[in-house]
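Me: I would like to understand how the descriptive terms used for a protein model are justified. Please take me through the reasoning step by step.

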Amino acid sequence: MNPADLDRVLVSGVYRIADAAALSRLLSAARERGYQVCTLDLAGVQTKEALLSRAAQALQCPPYFGGNWDAFEECVNDLAWLPAQGYLLHVTRPEGLACGAPEVFGTLLDILREAAERWKAAGTPFVVLVESGERSTFGPGISPI
């Protein structure tokens, strides 16, 4: 990954990444730019409820977080409690949810894509990096890096 790719990715969007070295460079570059970097570990997550609970923890959502899709959408489009130059959500181990509950995973990605567009329009980077294996079959609609 060259510097131009790094700049392109760190603007806004949802991306699938399999290269551990490239992931490490992106995470470091985001931190250097003053981004809030959050990790959403989906290991063992199989339901919408478990996903939303884990996402609320990862994004440090306020205590009034409602635990539903509307509340999640509101949180990822606000993030006032996490002031930063930009945001990077690193999604790890998504395979179980993507394969076991594809509709839930699809809704998650839809909300994150819409949030990335809104943040981009507001001039604030919002990047989602979905970690995947080289031969991963999930997420055909996620742009690879």
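Me: Which residues do ring pairs link into a cluster?

Reply: In this predicted model, the cluster formed through ring pairs consists of Tyr87, Trp119 and Phe126.

Me: Why is the pair of Tyr87 and Trp119 called tilted?

Reply: The ring centres are 5.2 Å apart and the planes differ by 50°. Rings pair if their centres lie within 6.5 Å, and planes that are neither under 30 degrees nor over 60 apart count as tilted. The angle of 50° therefore makes this pair tilted. It joins distant parts of the chain, with Tyr87 in strand S3 and Trp119 in helix H6, 32 residues apart.

Me: What makes the pair of Trp119 and Phe126 stacked?

Reply: Here the centres are 6.4 Å apart, with 10° between the planes. Planes under 30 degrees apart count as stacked, so this pair meets the rule.

Me: How do you know whether Tyr87 is buried or exposed?

Reply: The relative accessible area of Tyr87 is 7%. Buried means under 20%, so Tyr87 is buried. Trp119, at 12%, is likewise buried, and Phe126, at 2%, also counts as buried.

Me: Where does Phe126 stand in the largest nonpolar core?

Reply: That core has 39 residues, and Phe126 is one of those that touch the most other members, a group that also includes Leu112 and Phe72. Helix H6 supplies the largest share of the core, nine residues. Leu112 is in contact with Phe126, and also with Val14, Phe72, Val76, Leu89 and Val128, leaving aside neighbours within four places in sequence.

Me: What makes the link between Thr92 and Asp41 a polar contact?

Reply: The side chains of Thr92 and Asp41 are joined at 3.2 Å. The cut-off for such a pair of N or O atoms is 3.5 Å, so the distance satisfies it. Thr92 is found in strand S3 and is buried, with a relative accessible area of 10%.

Me: How do you know that the span of helix H2 agrees with what is expected?

Reply: At 1.5 Å a residue, the 13 residues of H2 (residues 20-32) should span 18 Å, and the end C-alpha atoms are 18 Å apart, so the values agree.

Me: Why are the buried residues of H2 said to line one face?

Reply: Those residues are Ala22, Leu23, Leu26, Leu27, Ala29 and Ala30. Seen down the helix axis, they fall within an arc of 165°, so they line one face. The face turned away from this buried side carries the exposed residues Ala20, Arg31 and Glu32.

Notes. Residues numbered from 1 in each chain as written. Predicted model: local features only at pLDDT ≥ 70, side-chain atom pairs only at ≥ 80, totals over all residues. Heavy atoms only, no water. Helix = DSSP H or I, 4+ residues; strand = E, 2+ residues; numbered from the N terminus. Expected span 1.5 Å × (residues − 1). Buried < 20%, exposed > 50% of the residue type's maximum accessible area, 1.4 Å probe, protein only. Arc of directions from axis to C-beta. Core = buried A, V, L, I, M, F, W, Y, C linked by side-chain atoms within 4.5 Å. Contact = heavy atoms within 4.5 Å. Polar contact = N/O pair within 3.5 Å; in protein donor to acceptor, adjacent residues only side chain to side chain. Phe/Tyr/Trp six-rings, centres within 6.5 Å; stacked < 30°, edge-to-face > 60°.
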